[in-house]
Amino acid sequence: MIALLSLAWRSLLNRKGSVILTILAVALSVALFLGVEKARNGAREGFGNTISGTDLIVGAPTGSVNLLLYTVFRMGNATAEISWPTYQQIAAREDIAWTVPISLGDNHLGYRVMGTTTDYFEHYKHGGGKPLKIAEGAIFDDLFDAVIGAEVARDLGYTVGTPLVLTHGLGSAGFEAAHDNRPFRVVGILKPTGTPVDRSVHVSLEAITAIHVGWESGAKNPLADTITEEMIRSFNLTPRTVTAVFVGLERKGTILTTRRAINTNKGEPLMAIIPGEALAELWSVTAVAERALLAVSAFVIAVGLVSILTSILTSLNERRREMSILRATGARPHHIFLLLVLEAGLVGFIGAVLGIVLVYVILGALAPMLQAQYGVAFGTGLPGRVDLTVLGAVTGASLLIGAVPAIAAMRRSLADGLSVRL
């Protein structure tokens with residue numbers, strides 16, 4: 001067998017032009033399949049690491065996935081809000097350890113603005129329990145202070161002390177919708193988290209109330225510009241509503257009873273969701289698209305394997321003399337069969353190994369950027385179970401495919417009249 005393997009390797013080297021192209025076809029197909037698989041798993045892990053340590057998210061009834069998307073991932077809009085008295089009732093529950101109210105609905109140059117309290121920087125966790133950390137400056141303390149995410153600072157070139165103006169609403173509104181008479185200043189920049197926090201501007205809940213003085217009808221009141229900052233500071237800026245509430249429980253074992261109690265609240269309608277369950281529901285929605293993408297990638301691998309079959313079949317006529325010489329020197333038909341099967345297996349094995357290496361090289365180069373920009377984490381360590389499974393599957397399929405031209409070559413060698421003992 002070792003002699004046949006050595007002969008198969010030398011035979012491939014003798015046809016290295018076509019063999020290299022075939023190997024590249026297999027390598028690219030394997031790299032595509034593994035790239036899709038790792039992107040899928042990386043996206044899931046990135047989404048899962050966006051929030052941790054929060055037991056419940058409470059908002060207006062809207063659907064668990066929608067509530068998760070607009071509160072955690074800043075995607076979509078809230079359909080309704082929670083009144084401040086109702087929030088206070090939630091915060092006063094004995095089974096709740098801490099609450100972090102948030103208010104959404106404004107933006108700064110396309111980046112979402114979130115009003116919250118300083119407890120947000122203490123209790124919000126990401127990446128399996130990592131707290132938010134300040135890279136420069138401090139958390140907000142004054143009414144018109146803002147703490148920005150790492151991506152906001154990087155893309156806009158902001159530093160501590162940079163003034164900024166918030167814009168009413170979430171769209172690309174013009175200057176007339178800007179709260180330009182109430183500018184903020186950057187007092188803190190968060191360290192990168194690889195989550196939507198990096199793309200957010202954080203201000204106090206009182207600041208959200210302050211900038212909307214004169215906007216109570218949803219449009220800017222002409223008298224709003226006459227209200228000075230000193231006048232605003234003298235107002236009662238307790239918010240009337242909040243968008244949602246992050247909740248931490250005294251004991252994890254009460255999570256289901258607490259959720260049921262909130263969902264069946266007799267006063268204002270509420271919805272409490274468990275982030276992990278809502279995320280699982282989100283993945284169930286996208287599962288069909290994921291499977292379709294993996295199926296397409298698997299078909300690409302199949303095309304790569306067919307290229308092995310095509311390459312060997314088209315070379316049979318050119319190798320007729322080679323086969324005759326082998327038969328004349330004592331090779332038996334099953335030796336011819338094994339030779340071609342081993343050639344196909346070698347091409348598949350080398351192509352699969354090259355594809356795995358290619359994926360890890362690309363991920364090694366792009367992983368830090370993807371982690372910082374999109375929060376998608378890719379494993380760049382040693383090949384894992386999926387990589388080895390693909391390697392084995394491609395090699396095994398190549399050996400099976402090699403049997404087709406091997407049978408043809410064996411029969412042709414018999415038909416050539418070189419009768420050797422079977």
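The exercises below, each with a worked solution, concern a predicted model.

**Exercise 1. Strand β8**

Task: For strand β8 (residues 145-148), work out which residues point which way, and which strands pair with β8.

Solution:
- Step 1. In a regular strand the side chains alternate between the two faces of the sheet.
- Step 2. In β8, D145 and V147 point one way, and A146 and I148 point the other way.
- Step 3. Each of these four residues is buried.
- Step 4. Strand β11 runs parallel to β8, and 4 bridges join the two. Within this pairing, A146 stands opposite V186 of β11.
- Step 5. Strand β12 runs antiparallel to β8, and 2 bridges join them. Here V147 has H202 of β12 as its bridge partner.

**Exercise 2. Strand β1**

Task: Determine whether the faces of strand β1 (residues 56-59) are covered or not, then find the partners of β1.

Solution:
- Step 1. One side of β1 carries L56 and V58, and the other carries I57 and G59.
- Step 2. These residues are all buried, so both faces count as covered.
- Step 3. Strand β14 (residues 244-249) is joined to β1 by 4 bridges and runs antiparallel to β1. V247 in β14 is the bridge partner of L56.
- Step 4. Strand β15 (residues 271-273) also runs antiparallel to β1, with 3 bridges between them. M271 in β15 stands opposite G59.

**Exercise 3. Y111**

Task: Place Y111, decide whether Y111 is buried or exposed, and list what Y111 touches.

Solution:
- Step 1. Y111 belongs to strand β4 (residues 111-116).
- Step 2. The relative accessible area of Y111 is 14%. The cut-off for buried is under 20%. Y111 is therefore buried.
- Step 3. Leaving out residues up to four places away in sequence, Y111 touches D106, E151, V152, D155, L156 and R199.
- Step 4. One of these, D155, also makes a side-chain polar contact of 2.9 Å with Y111.
- Step 5. R74 is 37 residues from Y111 in sequence, and the C-alpha to C-alpha separation of the two is 9.5 Å.

**Exercise 4. T195**

Task: Say where T195 is found, whether T195 is buried or exposed, and which residues T195 is in contact with.

Solution:
- Step 1. The loop between β11 (184-190) and β12 (200-204) holds T195.
- Step 2. T195 has a relative accessible area of 2%, which is under 20%, so T195 is buried.
- Step 3. The side chain of T195 makes a polar contact of 2.7 Å with the side chain of T193.
- Step 4. With neighbours within four places in sequence set aside, T195 is in contact with N49, T50 and H126.

**Exercise 5. The second largest cavity**

Task: State how many cavities of 30 Å³ or more are counted, then describe the volume and lining of the second largest.

Solution:
- Step 1. The count is 2 cavities of 30 Å³ or more.
- Step 2. The second largest cavity has a volume of about 40 Å³.
- Step 3. Its lining consists of L12, R15, V19, T22, I308, S311, I312 and V347.
- Step 4. Two or more lining residues come from each of α2 (16-48) and α10 (275-315). The largest share, 3 residues, is from α10.
- Step 5. Sorted by class, the lining of the second largest cavity has 5 nonpolar, 2 polar and 1 charged residues.

Note on methods: Residues numbered from 1 in each chain as written. Predicted model: local features only at pLDDT ≥ 70, side-chain atom pairs only at ≥ 80, totals over all residues. Heavy atoms only, no water. 1 Å grid on protein atoms, 1.4 Å probe; cavity = no way out; pocket = protein on both sides within 12 Å on 5 of 7 lines; lining within 4 Å. Points joined across faces, edges and corners; volume = space filled by probe spheres on them. Nonpolar A, V, L, I, M, F, W, Y, C, P; charged D, E, K, R; others polar. Buried < 20%, exposed > 50% of the residue type's maximum accessible area, 1.4 Å probe, protein only. Polar contact = N/O pair within 3.5 Å; in protein donor to acceptor, adjacent residues only side chain to side chain. Contact = heavy atoms within 4.5 Å. Pairing = 2+ DSSP bridges.
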